[in-house]
Amino acid sequence: MAHSASGGGHMGENIAMTNVAPENDRGLAGRTVFVSGAGAGIGRGVAEALGAAGAHLALLDLDLAAIEAVAAPLLARGLRVSCHTGDVTSAADVHGAIAQAAQLHGGLDGAVNNAGIVGASADVMDYPAEVFARVLDVNVMGVLHCMQAELAVMKPQGCGAIVNIASAAAIIGWAGQSAYVASKHAVVGLTKTAALEYAAQGIRINAVCPAFIYTDLTAELFQTPGVHDAAVANHPIGRLGQPSEVAEAVMWLLSDRSSFAVGSSLVVDGASTID
Ligand SMILES: NC(=O)c1ccc[n+]([C@@H]2O[C@H](COP(=O)([O-])OP(=O)(O)OC[C@H]3O[C@@H](n4cnc5c(N)ncnc54)[C@H](O)[C@@H]3O)[C@@H](O)[C@H]2O)c1
């Protein structure tokens with residue numbers, strides 16, 4: 001179940017203490033955003049970028065020490081940050097954490113459903129079925145649980161912005177990664193459908209589709225000789241991405257600056273998915 005730690009203070013005081021220049025806050029200062037998988041990689045990059053913009057945060061991860069490390073400098077700057085341990089495959093964990101976060105923060109303005117895993121590498125014929133099911137459980141059911149809990153808060157509010165982290169693998173095939181590709185195609189389908197269902201209720205739901213980003217997830221893949229160089233060669237920009245570059249796209253979709261973007265899948269991929 002969720003354990004939480006939060007910084008105190010009134011919202012107005014907190015905003016003043018963050019000292020974010022108006023041109024950099026993207027209208028996110030003082031907003032509260034939930035981020036799953038915030039202990040590492042893209043989720044951590046998103047949480048840090050949101051904190052730099054003056055947003056308050058509710059962070060969820062399997063690894064409490066990791067999110068507390070992300071939270072510490074933000075709490076020191078006067079932001080309100082709650083840390084919740086939980087597994088996105090557990091509806092009880094997710095609903096408990098998000099309900100607790102909404103109570104602590106007085107609502108939820110945005111959410112980034114980011115936690116995900118890559119699974120095994122094998123052709124379809126040999127792909128272990130139990131690993132396939134696990135990848136779908138984390139990457140698809142995890143996003144579903146998060147969206148259901150977030151919508152339970154946002155629908156009565158009549159506003160909110162949700163960003164699901166899909167992947168370039170939601171757009172193209174990737175030999176050897178059938179479970180991951182299937183899961184990310186599903187995230188985009190879920191995003192489009194939910195976007196249609198809640199657009200008229202003031203809730204915008206979008207996805208971001210990054211290509212290869214340097215994180216622990218890709219470090220695992222790059223242990224196989226040749227995979228890193230092949231990945232770079234597959235990105236016409238000549239390099240892989242950084243979590244901060246995904247965070248920029250996420251922050252735009254969370255902010256009112258993307259007010260007409262609904263159900264979109266924003267590709268952030270160094271041109272790697274262009275035919
Ligand atoms: N790194 C890439 O190249 C890349 C590209 C496209 C999409 N993505 C997607 O971005 C998301 C984040 O990837 P990353 O590269 O930052 O991964 P990562 O492995 O570096 O970090 C993932 C974080 O999520 C947490 N997590 C994992 N399973 C969880 C669960 N069941 N419940 C709660 N927390 C859990 C981990 O503890 C970790 O802190 C994933 O959905 C991934 O599919 C990554």
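**Exercise 1. In which helix is the place of histidine 145? Determine its burial and its contacts as well.**

Solution. The model under study is predicted.
Step 1: histidine 145 belongs to helix H6, which covers residues 129-157.
Step 2: the relative accessibility of histidine 145 is 10%. The cut-off for a buried residue is under 20%, so histidine 145 counts as buried.
Step 3: beyond four places in sequence, histidine 145 is in contact with Val88, Thr89, Ser90, Ala91, Val94 and His95.
Step 4: for one of these partners, serine 90, the C-alpha to C-alpha distance to histidine 145 is 7.7 Å, at a sequence separation of 55 residues.

**Exercise 2. Describe the surroundings of serine 183 and threonine 191 in helix H7.**

Solution.
Step 1: helix H7 comprises residues 178-198 and contains serine 183; threonine 191 is placed in helix H7 too.
Step 2: serine 183 has a relative accessible area of 0% and is therefore buried. Threonine 191, at 1% relative accessibility, is also classed as buried.
Step 3: with residues up to four places away set aside, serine 183 touches Val135, Leu136, Asn139 and Val140.
Step 4: under the corresponding exclusion of sequence neighbours, threonine 191 is in contact with Asn164, Ile205, Asn206, Ala207 and Ser264.

**Exercise 3. Is glycine 78 buried or exposed? Locate it and relate it to aspartate 109.**

Solution.
Step 1: glycine 78 is found in the loop that joins helix H4 (64-76) to strand S3 (81-85).
Step 2: its relative accessibility is 9%, so glycine 78 counts as buried.
Step 3: glycine 78 and aspartate 109 are separated by 31 residues in sequence, and their C-alpha atoms lie 19 Å apart.

**Exercise 4. Examine the backbone of arginine 26 and alanine 271, and place each residue.**

Solution.
Step 1: arginine 26, although not a glycine, has a positive phi of about 55°. Its place is the loop between helix H2 (22-25) and strand S1 (32-36).
Step 2: alanine 271, likewise not a glycine, has a positive phi of about 75°. Alanine 271 falls in the segment that follows strand S7 (265-268).
Step 3: the relative accessible area of alanine 271 is 26%, which means that this residue is partly exposed.

**Exercise 5. Characterise the overall fold, its surface and its charges.**

Solution.
Step 1: the secondary structure consists of ten helices and seven strands.
Step 2: the radius of gyration is 18 Å, close to the 19 Å that the globule rule gives for 275 residues, so the protein is as compact as a globular protein of that length. The C-alpha atoms occupy a box of roughly 55 × 40 × 35 Å along the principal axes.
Step 3: of the 275 residues, 51% are buried. Among contacts with a separation of 6 or more, 72% link residues 24 or more positions apart.
Step 4: the exposed area is about 11,600 Å², of which carbon and sulfur atoms supply 58%.
Step 5: the protein has 12 positive and 24 negative charges, and the mean positions of these two sets are 9 Å apart.

**Exercise 6. Over which residues does pLDDT stay under 50, and how should that part be read?**

Solution.
Step 1: the mean pLDDT of the protein is 93, and 92% of the residues score at least 70.
Step 2: pLDDT stays under 50 over residues 1-17. The model has 41 contacts beyond four places in sequence for this stretch.
Step 3: where pLDDT is low, predicted coordinates should not be read in detail.

How values were computed:
Residues are numbered from 1 along each chain as its sequence is written. This is a predicted model: local features need pLDDT of at least 70, side-chain atom pairs count only at pLDDT 80 or more; totals for chains, interfaces and linings use all residues. Side-chain values use heavy atoms; hydrogens and water are left out. pLDDT is the predictor's confidence in each residue, from 0 to 100. Contact means heavy atoms within 4.5 Å. Helices (H or I, at least four residues) and strands (E, at least two) are DSSP runs, numbered from the N terminus. The radius of gyration is taken over C-alpha atoms; the globule rule is 2.2 Å times the number of residues to the power 0.38. Buried means under 20% relative accessible area, exposed over 50%, partly exposed in between (1.4 Å probe, protein chains only). Accessible areas come from the Shrake-Rupley method with a 1.4 Å probe; for residues, only the protein chains shown count as cover. Lys and Arg count as positive and Asp and Glu as negative; His and the chain ends are not counted. The place of a charge is taken as NZ of Lys, CZ of Arg, CG of Asp or CD of Glu.
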